[in-house]
Amino acid sequence: MNCIIIEDDKNTAAVLKTIVNDHFKNIKITGNASSIKDGVALLHKENPDFIFLDVNLDDGDGFEILQSFPNPNFKIIFITSYSTYAVEAFKFSALDFVLKPFSPTEIVNAIHKVIAAQNKANYLEKLTTLYHNHISSDKKIILSNSDDIHIIPIESIVYATSDNSYTTFFTNDNEKILVSKSLKSFEEKLTPHLFLRVHQKFLINLKYIKRYHKKSDEIVLQNTISLPVAKSKKEVLLNFIKTL
């Protein structure tokens, strides 16, 4: 396999090269670029199997390189300094990234994931979602199962329900999507976007609240969906309702 590094920090680029050379005898680094312009030119010249791409380059946003390759035939290992916005975009796209400062193990694991990457269509959909989330305030999320890869706006999710290690999502257009991940994993991603775990089994989009039954401790959402509210979540929910 061939690889190139697009990174404007010389020390980081040198560390990446050392890690690759030390752990992967079948991977050859064929070039290094430090800017968007040079990175695009190098990609056209070398046609690598995968690249290391710094998200924050001196001359702009590393994602701009994707504009020159709307259907890339190479995989990408994104390298980024901590940024809540960037990290959020990666989480919703279901694509991996490596945070600076990184360890050799993190880079090695990322390369193994690239080697084991599934079909190109799957990867391109995730990459498209990542780019959309990076440049747009209208966030989308990848929901994958054995049959399909669903790319949906998070604001279209009305609620999600847990069944052990499975989660079912219900959208405002009556779509039902089952995925083999825990509700907790989605709770962490969606809570910053006005989602609340009102019960052990239910995560709701607070934008779709229609009313709250005080006596029965039930919340009513769009389409008269009625869900129980746990006692431990009642105060948080009521405090939110008071702000409306």
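**Notebook: burial, cores and rings**

I started with Thr-171, which counts as buried because its relative accessibility is 5%. The model is a predicted one, and I kept that in mind throughout. I placed Thr-171 in strand 11, residues 166-171. Its side chain makes a polar contact of 2.3 Å with the side chain of Asp-173. I then listed the contacts of Thr-171, leaving aside neighbours within four places in sequence. They are Ile-152, Ser-156, Ile-157 and Val-158.

**Whole chain**

I stepped back to the overall counts. The chain has seven helices and 17 strands. It has 244 residues, and 46% of them count as buried. I looked at contacts between residues at least 6 apart in sequence, and 55% of these join residues at least 24 apart. The exposed area is about 12,900 Å², with 49% of it from carbon and sulfur atoms.

**Nonpolar cores**

Which residues have the most contacts inside the largest nonpolar core? I found Phe-50, Phe-52, Ile-77, Ile-107 and Ile-111, in a core of 20 residues. At least two residues of this core come from each of strand 1 (2-6), helix 1 (10-23), strand 3 (50-54), strand 6 (75-80) and helix 4 (104-115). Helix 4 gives the most, five residues. I noted the general background too: nonpolar side chains tend to be buried together in soluble globular proteins.

I followed Phe-50 outward. Beyond four places in sequence, Phe-50 is in contact with Met-1, Asn-2, Cys-3, Ile-4, Ile-27, Phe-74, Lys-75, Ile-77, Ile-111 and Val-114. A second core is separate and has 18 residues, including Ile-4, Ile-51, Phe-74 and Phe-78.

**Asn-2 and Leu-57**

Asn-2 is on the contact list of Phe-50, so I checked its burial: at 30% relative accessibility, Asn-2 counts as partly exposed. Asn-2 sits in strand 1. The C-alpha atoms of Asn-2 and Thr-30 are 6.5 Å apart, with the two positions 28 residues apart in sequence numbering. Not counting residues up to four places away, Asn-2 touches Lys-28, Thr-30, Pro-48, Asp-49 and Phe-50.

Is Leu-57 buried or exposed? I read 7% relative accessibility for Leu-57, so this residue counts as buried. Leu-57 belongs to strand 4, residues 56-57. I found 5.9 Å between the C-alpha atoms of Leu-57 and Asp-8, which are 49 residues apart along the chain. With neighbours within four places left aside, the contacts of Leu-57 are Ile-6, Glu-7, Asp-8, Ser-34, Ser-35, Ile-36, Gly-62 and Ile-65.

**Helix 6**

Which residues of helix 6 are buried? In this helix, residues 183-190, I found Leu-183, Phe-186, Glu-187, Lys-189 and Leu-190. They lie on the same side of helix 6, because they cover an arc of only 165 degrees around the axis. The face turned away from that buried side carries the exposed residues Lys-184 and Glu-188. The general pattern behind this check is that an α-helix has 3.6 residues a turn, so residues three or four places apart point the same way.

**Aromatic pairs**

I counted five aromatic pairs. Phe-69 and Phe-74 are edge-to-face, at 5.5 Å centre to centre and 75 degrees between the planes. Both Phe-69 and Phe-74 are buried.

The pair of Tyr-159 and Phe-170 is stacked, because the planes are at 10 degrees, under the 30-degree cut-off, with the ring centres 4.6 Å apart. This pair links distant parts of the chain, with Tyr-159 in strand 10 (residues 157-163), Phe-170 in strand 11, and their positions 11 residues apart. Tyr-159 has 10% relative accessibility and therefore counts as buried. Phe-202 joins Tyr-159 and Phe-170 in one aromatic cluster.

**Backbone exceptions**

I ended with the backbone. Most residues other than glycine have a negative phi, and most peptide bonds are trans. Between Lys-100 and Pro-101 the peptide bond is cis, with omega near -10 degrees. Pro-101 is in the loop between strand 7 (97-99) and helix 4.

Asn-47 has a positive phi, near 50 degrees. Asn-47 is in the loop between helix 2 (36-46) and strand 3. Its relative accessibility is 47%, so Asn-47 counts as partly exposed.

Asn-223 also has a positive phi, near 60 degrees. I located Asn-223 in the loop between strand 16 (218-221) and strand 17 (225-228). Asn-223 is partly exposed, with a relative accessible area of 47%.

Technical notes:
Residues are numbered from 1 along each chain as its sequence is written. This is a predicted model: local features need pLDDT of at least 70, side-chain atom pairs count only at pLDDT 80 or more; totals for chains, interfaces and linings use all residues. Side-chain values use heavy atoms; hydrogens and water are left out. Buried means under 20% relative accessible area, exposed over 50%, partly exposed in between (1.4 Å probe, protein chains only). Helices (H or I, at least four residues) and strands (E, at least two) are DSSP runs, numbered from the N terminus. The arc is that of the directions from the helix axis to the C-beta atoms. A nonpolar core is a set of buried Ala, Val, Leu, Ile, Met, Phe, Trp, Tyr and Cys residues joined through side-chain atoms within 4.5 Å. Contact means heavy atoms within 4.5 Å. A polar contact is a pair of N or O atoms within 3.5 Å; within protein, one must be able to donate a hydrogen and the other to accept it, and residues adjacent in sequence count only if both atoms are side-chain atoms. Accessible areas come from the Shrake-Rupley method with a 1.4 Å probe; for residues, only the protein chains shown count as cover. Rings of Phe, Tyr and Trp (its six-membered ring) pair if their centres lie within 6.5 Å; planes under 30 degrees apart count as stacked, over 60 as edge-to-face and the rest as tilted.
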